[in-house]
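Colleague: Before I plan anything around this protein, I would like to learn how to read its model with care. Could we go through it one feature at a time?

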Amino acid sequence: MGMVTPASYGPSRPWPGPDPPYGRVQYSEATDWVGWVLFGGILLVLFGAIHLGSGLVALWRPEILHGSRADMLLPIGLTALAWTQVLLGAAAVVVGVGLMRGLTWARVGAVVLAGLSVLVDFAFIGVYPVWSVTAMILATVVIYAVVVHGGEVASAYGDA
């Protein structure tokens, strides 16, 4: 007689022991683009944390930004720039976490933030050409992944 395994049991003959490993796993329709959506969420969290931190530092010690390229390019006060970084950074962290969970509102927020990123990077293309083009390409790929394949993240979690 051959070895008895969970595979030798079926609907008419249930497995008598505990559930075999991965016995309740279901098939997912998610494609490889889910990785790009999750990458976008991770980028949003990281960039948001960086902007949140630099904004807080700029609020406590505004002389750090004094005389920098940011001061010369933008005709707004340094305190306003610091608060903008704090608010957008916090929003990016929240949206990034929501995007990694596959939430619909986070997909909309991610597209808006990535679109703003493309516009800002285009404005800074003369100052930081390599970084600006690289960031615009990454943001465009993330926008595509979120718009076309964003719902697959929720289905991969079993929420859709």
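**Reading the helices and the surface**

Modeller: Starting from the N terminus, the elements of the protein follow the order α-α-α-α-α-α, which amounts to 6 helices and 0 strands. Please keep in mind throughout that this is a predicted model.

Colleague: What percentage of the 160 residues of the protein counts as buried?

Modeller: The share that counts as buried is 26% of the 160 residues.

Colleague: How should I read the packing of two helices, and at what angle do the axes of H4 and H5 cross?

Modeller: Two packed helices are described by two quantities, the angle between their axes and the distance between those axes. In this structure, the axes of H4 and H5 cross at roughly 160 degrees and come within 9 Å. Angles over 145 degrees count as roughly antiparallel, and H4 and H5 are therefore roughly antiparallel to each other. The crossing in which H4 passes H5 is left-handed.

Colleague: And how are H1 and H5 oriented to each other?

Modeller: Their axes come within 8 Å and cross at roughly 125 degrees. That angle lies outside the ranges for roughly parallel, roughly perpendicular and roughly antiparallel, so the pair falls under the remaining class, and H1 and H5 are therefore oblique to each other. Here too the handedness can be stated, since H1 passes H5 in a left-handed crossing.

Colleague: Turning to the surface, which residues make the nonpolar patch?

Modeller: The patch, with an area of about 600 Å², is made by Ile42, Leu46, Phe47, Ile50, Tyr128 and Trp131. Helix H1, which covers residues 33-60, gives the most to this patch, with 4 residues.

Colleague: Where is Tyr128 found, and how accessible is Tyr128?

Modeller: Tyr128 sits in the loop between helix H4 (104-123) and helix H5 (129-149), so this member of the patch lies in the connection between the two helices that we have just described as roughly antiparallel. Its relative accessible area is 39%; because buried means under 20% and exposed means over 50%, Tyr128 is partly exposed.

Colleague: Which class does Leu138 fall into by accessibility?

Modeller: Leu138, which is found in helix H5, has a relative accessibility of 27% and so counts as partly exposed. It also shows how sequence separation and distance in space can be read side by side: Leu138 and Val118 are 20 residues apart in sequence, while their C-alpha atoms are 9.2 Å apart in space.

Technical notes. Residues are numbered from 1 along each chain as its sequence is written. This is a predicted model: local features need pLDDT of at least 70, side-chain atom pairs count only at pLDDT 80 or more; totals for chains, interfaces and linings use all residues. Side-chain values use heavy atoms; hydrogens and water are left out. Patches are made of residues with over 30% relative accessible area and no salt bridge: like charges are joined within 9 Å, nonpolar side chains (Val, Leu, Ile, Met, Phe, Trp, Tyr) within 5 Å. Accessible areas come from the Shrake-Rupley method with a 1.4 Å probe; for residues, only the protein chains shown count as cover. A salt bridge is a side-chain nitrogen of Lys or Arg within 4 Å of a carboxyl oxygen of Asp or Glu. Buried means under 20% relative accessible area, exposed over 50%, partly exposed in between (1.4 Å probe, protein chains only). Axes are lines fitted to C-alpha atoms, for helices over the stretch in contact, and angles run from 0 to 180 degrees between N-to-C directions. Angles under 35 degrees count as roughly parallel, over 145 as roughly antiparallel, 65 to 115 as roughly perpendicular and the rest as oblique. A crossing is left-handed if the near helix is turned anticlockwise from the far one by less than a right angle, and right-handed if clockwise.
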